[in-house]
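Biologist: Before we discuss particulars, could you put the model on display and then take me through its helices, strands and interior?

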Amino acid sequence: MDIPPELAATQEKYNGATGRAFIARLPDTAAEFLNRWNLRLDGPPMHGVAALVLPVVRHADSTPAALKLQLPDEESEGEPTALRIWNGDGAVRLLDHDVPTGTMLLERLDPTRMLSHVPDVHDAVETIAALLAHLTAFPAPKGMRRLADIAHAMLDDTPQALPRVPDPKARRLLTDCAAAVREVVPDPGDRLLHWDLHYDNVLASDRAPWLAIDPKPLAGDPGFDLLPALHNRYDPTDTRWRFDAMTDVLGLDRERARAWSLGRVLQNCLWEIEDGRPLEGVQLEIGACLRGRTLG
């Protein structure tokens with residue numbers, strides 16, 4: 001099996017020796033699950049940042065499926081639980097799951113038809129909003145990773161991170177983001193969040209126009225789920241329209257949603273600071289827009 005070099009590089013970057021070992025085991029792991037679940041390969045491998053996805057067919061009933069091989073981590077461990085709760089309603093259907101390895105057998109969607117291919121961005125935003133409104137209508141189960149814990153950790157990390165930001169305007173923005181989170185953290189919400197619903201994570205299928213894939217689930221407030229649709233296919237003139245459209249469709253309190261979206265900007269910036277990278281301009285621009293004034 002040819003392992004995509006981009007997948008090997010990201011595993012090396014983010015997981016070091018553990019990622020290299022995961023990549024080295026992939027051919028054997030794939031062979032094990034092809035045999036265990038009685039599958040045959042049905043096309044070239046696909047991949048995202050963290051997972052290898054093999055198009056397969058079940059020998060027993062000729063059902064097309066997708067074998068997802070990934071390194072279990074904090075973000076992905078809740079994925080099968082969320083997919084079982086959604087049960088194919090608005091999201092890809094889970095067919096089988098191996099707990100120790102995190103390997104999943106999923107229904108096969110059409111990777112050539114992504115929401116990112118829809119030319120009208122407003123149509124795509126409204127599709128994201130409708131999916132989020134449905135998916136976040138479900139209460140999160142006990143044991144799901146909690147937005148409350150993530151938010152408190154961000155607030156704890158911010159004072160140590162701010163001195164590492166050389167631009168005073170960016171520091172003021174992150175200070176405002178933290179202040180917004182502090183206002184809403186006493187009521188972090190209990191809905192089942194997708195966390196990563198951007199346009200490439202929505203695929204078409206024969207049974208539904210659009211279905212969500214690749215959740216990194218959280219228990220929390222749906223306002224924390226809005227930023228990917230603002231950040232991807234970014235248009236500085238469109239941020240406010242997208243935010244207003246999504247909050248309308250989801251029926252969210254706009255000020256709470258604004259605060260949690262600023263929290264998401266803070267989360268992304270803290271990651272960049274931790275990794276020693278410059279803060280991304282788009283994140284800062286979105287934060288400034290939601291804050292209601294320019295970076296100046």
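Modeller: Buried, as I shall use the word, means under 20% relative accessible area, exposed means over 50%, and partly exposed lies in between, with a 1.4 Å probe and protein chains only. This is a predicted model, in which local features need pLDDT of at least 70 and side-chain atom pairs count only at pLDDT 80 or more, while totals for chains, interfaces and linings use all residues. Residues are numbered from 1 along each chain as its sequence is written, and side-chain values use heavy atoms, with hydrogens and water left out.

Biologist: Which residues of helix H7 are buried?

Modeller: Helices (H or I, at least four residues) and strands (E, at least two) are DSSP runs, numbered from the N terminus. Helix H7 covers residues 239–250, and the cover over its buried residues includes helix H3 (121–135), helix H6 (227–231), helix H8 (254–274) and helix H9 (281–291). The buried residues of H7 are Thr239, Arg242, Phe243, Ala245, Met246, Thr247 and Leu250.

Biologist: How far does H7 reach from its first C-alpha to its last?

Modeller: The expected span of a helix is 1.5 Å times one less than its number of residues. For the 12 residues of H7 that expectation is 16 Å, and the span in the model is close to it. After the helix comes glycine 251, with a positive phi near 65 degrees. From first C-alpha to last, H7 reaches 17 Å.

Biologist: Which residues touch the most other members of the largest nonpolar core?

Modeller: A nonpolar core is a set of buried Ala, Val, Leu, Ile, Met, Phe, Trp, Tyr and Cys residues joined through side-chain atoms within 4.5 Å. The largest one has 71 residues, and its largest share, 9 residues, comes from H8. A second, separate core of 17 residues includes Ile23, Ala30, Leu39 and Leu71. In the largest core, the residues that touch the most other members are Leu83, Ile128, Leu174, Met246 and Leu279.

Biologist: With which residues is methionine 246 in contact, leaving aside its neighbours within four places in sequence?

Modeller: Contact here means heavy atoms within 4.5 Å. Methionine 246 is one of the buried residues of H7, and it also belongs to the largest nonpolar core. Beyond those sequence neighbours, methionine 246 is in contact with Val125, Ile128, Ala129, Leu226, Ala229 and Leu230.

Biologist: How many bridges join S3 to strand S4?

Modeller: Two strands pair if DSSP finds at least two bridges between them. Strand S3 (residues 51–58) has 7 of its 8 residues buried, so it is largely enclosed by the rest of the structure. It is joined in the antiparallel sense to strand S1 (residues 39–41) by 3 bridges, and strand S2 (residues 46–47) pairs with S3, also antiparallel, over 2 bridges. Between S3 and strand S4 (residues 64–70), which run antiparallel with leucine 52 partnered by leucine 69, the number of bridges is 7.

Biologist: In the hairpin of S3 and S4, which residue takes a positive phi?

Modeller: The hairpin that joins S2 to S3 does so through 3 residues, whereas the one formed by S3 and S4 has 5 residues between the strands. In the latter, the residue with a positive phi, near 60 degrees, is serine 62.

Biologist: Why is one side of certain strands left without a neighbour in the open sheet of S7, S9 and S10?

Modeller: The sheet has 3 strands in the order S7-S9-S10, with antiparallel pairing. S7 pairs with strand S9 (residues 202–204) over 2 bridges, and aspartate 110 has alanine 204 as its bridge partner in S9. One side is left free because strand S7 (110–114) and strand S10 (211–212) stand at the edges, each with a single partner strand.

Biologist: Is proline 186 buried or exposed?

Modeller: Proline 186 lies in the loop between helix H5 (168–184) and strand S8 (191–193). Its C-alpha is 9.8 Å from that of histidine 152, although the two are 34 residues apart in sequence. At 68% relative accessibility, proline 186 counts as exposed.

Biologist: What radius of gyration does the protein chain have?

Modeller: The radius is taken over C-alpha atoms, and the globule rule is 2.2 Å times the number of residues to the power 0.38. For 296 residues, a compact globule would have a value near 19 Å, with which the chain agrees. The protein chain has a radius of gyration of 20 Å.
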